[in-house]
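Work through the following exercises with the sequence and the model side by side, and try each task before reading its solution.

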Amino acid sequence: MATDLDDIDYRILRALQRDARLTHQELSETVGLSPSPCARRIRKLEAEGYITGYSARIDDARLGYGFNVFISVRLDRQIDDRLVAFETEIKRCPEVVDCWLMTGSFDYLLRVAVGDLAEFERFLTGRLTKLPGVASLESSIPIRRVKYLPARLD
């Protein structure tokens, strides 16, 4: 836990994580602080990088992309040029909604959101396997999400 944050800061972060559309008045009532000091704390949390932005959580399935696949990717070589080239190409793939550089037996973990198995196959065989440096892939299809938190706040 960050030692420079107090209980009120954490209450602000938790409340904004639940609903970033709260007005300063609503947020101040929620955390037990008057609006002006609450607004100052929010600006401070933003300036110090604790709050990095605001966004809406979008339901992929409602947009027609409810078929998720996790793909572990191993590159043929773990050198800077290969990593940069792979990351550059992955950033151009709208199907890839999350990409992590990993330790362990695979180099990257991707989360791909597509409409169905046929679209996944097209992405896999038509694009991902053709990226330079890709040595092997392992796909896993999730059954259901058990837990989701945008950030840990305890």
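**Exercise 1. A charged residue inside**

D107 is buried; which side chain of opposite charge is nearest, and how many Å away is it?

Solution. Keep in mind from the start that this is a predicted model. Begin by finding the residue, which sits in the loop between strand 2 (96–101) and strand 3. Next, look for a partner of opposite charge: the nearest such side chain is that of R74, 5.8 Å away. A salt bridge requires a side-chain nitrogen of Lys or Arg within 4 Å of a carboxyl oxygen of Asp or Glu, and D107, although buried, has no salt bridge. Then turn to the backbone, where the nitrogen of L75 lies 2.6 Å from a polar atom of the D107 side chain. Finally, list the surroundings: not counting residues up to four places away in sequence, D107 touches V73, R74, L75, Q78, W100, L101 and M102.

**Exercise 2. The length and setting of a helix**

Work out what span the 12 residues of helix 1 (residues 7–18) should have, and compare it with the distance between the end C-alpha atoms.

Solution. The expected span is 1.5 Å times one less than the number of residues, so for helix 1 the calculation gives 16 Å, and the distance of 17 Å between the end C-alpha atoms agrees with it. Once the length is settled, ask which residues of the helix are hidden: I8, D9, Y10, I12, L13, A15 and L16 are buried. The cover over these buried residues includes helix 2 (24–31) and helix 3 (35–47). The last step is to inspect the N-terminal end of helix 1, which is capped by D6, with a side-chain oxygen of D6 lying 3.1 Å from the backbone nitrogen of I8.

**Exercise 3. Pairs of opposite charge**

Count the salt bridges, and describe where the partners of the D6 and R41 pair lie.

Solution. Start from the general idea that side chains of opposite charge can pair when their charged atoms come close. Applying the distance rule gives a count of eight salt bridges in the model. One of them joins D6 and R41, with a nitrogen-to-oxygen distance of 2.9 Å. Because D6 lies in the segment before helix 1 while R41 lies in helix 3, this pair ties together parts that are 35 residues apart in sequence. Both partners are partly exposed, D6 at 33% relative accessibility and R41 at 23%.

Compare this with the bridge between R11 and D7, which has a distance of 3.1 Å and whose partners both lie in helix 1, four residues apart, or about one turn of the helix. As a further case, take the salt bridge between K44 and E48 at 3.6 Å, where K44 is partly exposed at 43% relative accessibility and E48 is partly exposed at 40%. To finish, check for shared partners, and you will find that salt bridges join D6, D9 and R41 into one network.

**Exercise 4. The nonpolar cores**

How many residues does the largest nonpolar core have, and which of them have the most contacts inside it?

Solution. The background is that in soluble globular proteins, nonpolar side chains tend to be buried together. Here the largest nonpolar core has 19 residues, and those with the most contacts inside it are I71, V73, F86, L110 and L128. Tracing the core back to the fold, the elements that give it two or more residues are strand 1 (67–75), helix 4 (80–90), strand 3 (108–114) and helix 5 (117–126). Apart from this core lies another one, of 14 residues, which has I8, I12, L16 and V31 among its members. For a closer view of the largest core, take I71, whose contacts beyond four places in sequence include L110, F120, F123 and L128.

**Exercise 5. Buried or exposed?**

Is N68 in strand 1 buried or exposed, and which side chain does it join in a polar contact?

Solution. Since buried means under 20% relative accessible area, N68, at 17% relative accessibility, counts as buried. The side chain of N68 is joined to that of R111 by a polar contact of 2.5 Å. Leaving aside neighbours within four places in sequence, the contacts of N68 include D60, R111 and I141.

Conventions. Residues are numbered from 1 along each chain as its sequence is written. This is a predicted model: local features need pLDDT of at least 70, side-chain atom pairs count only at pLDDT 80 or more; totals for chains, interfaces and linings use all residues. Side-chain values use heavy atoms; hydrogens and water are left out. Buried means under 20% relative accessible area, exposed over 50%, partly exposed in between (1.4 Å probe, protein chains only). Contact means heavy atoms within 4.5 Å. A polar contact is a pair of N or O atoms within 3.5 Å; within protein, one must be able to donate a hydrogen and the other to accept it, and residues adjacent in sequence count only if both atoms are side-chain atoms. A nonpolar core is a set of buried Ala, Val, Leu, Ile, Met, Phe, Trp, Tyr and Cys residues joined through side-chain atoms within 4.5 Å. Lys and Arg count as positive and Asp and Glu as negative; His and the chain ends are not counted.
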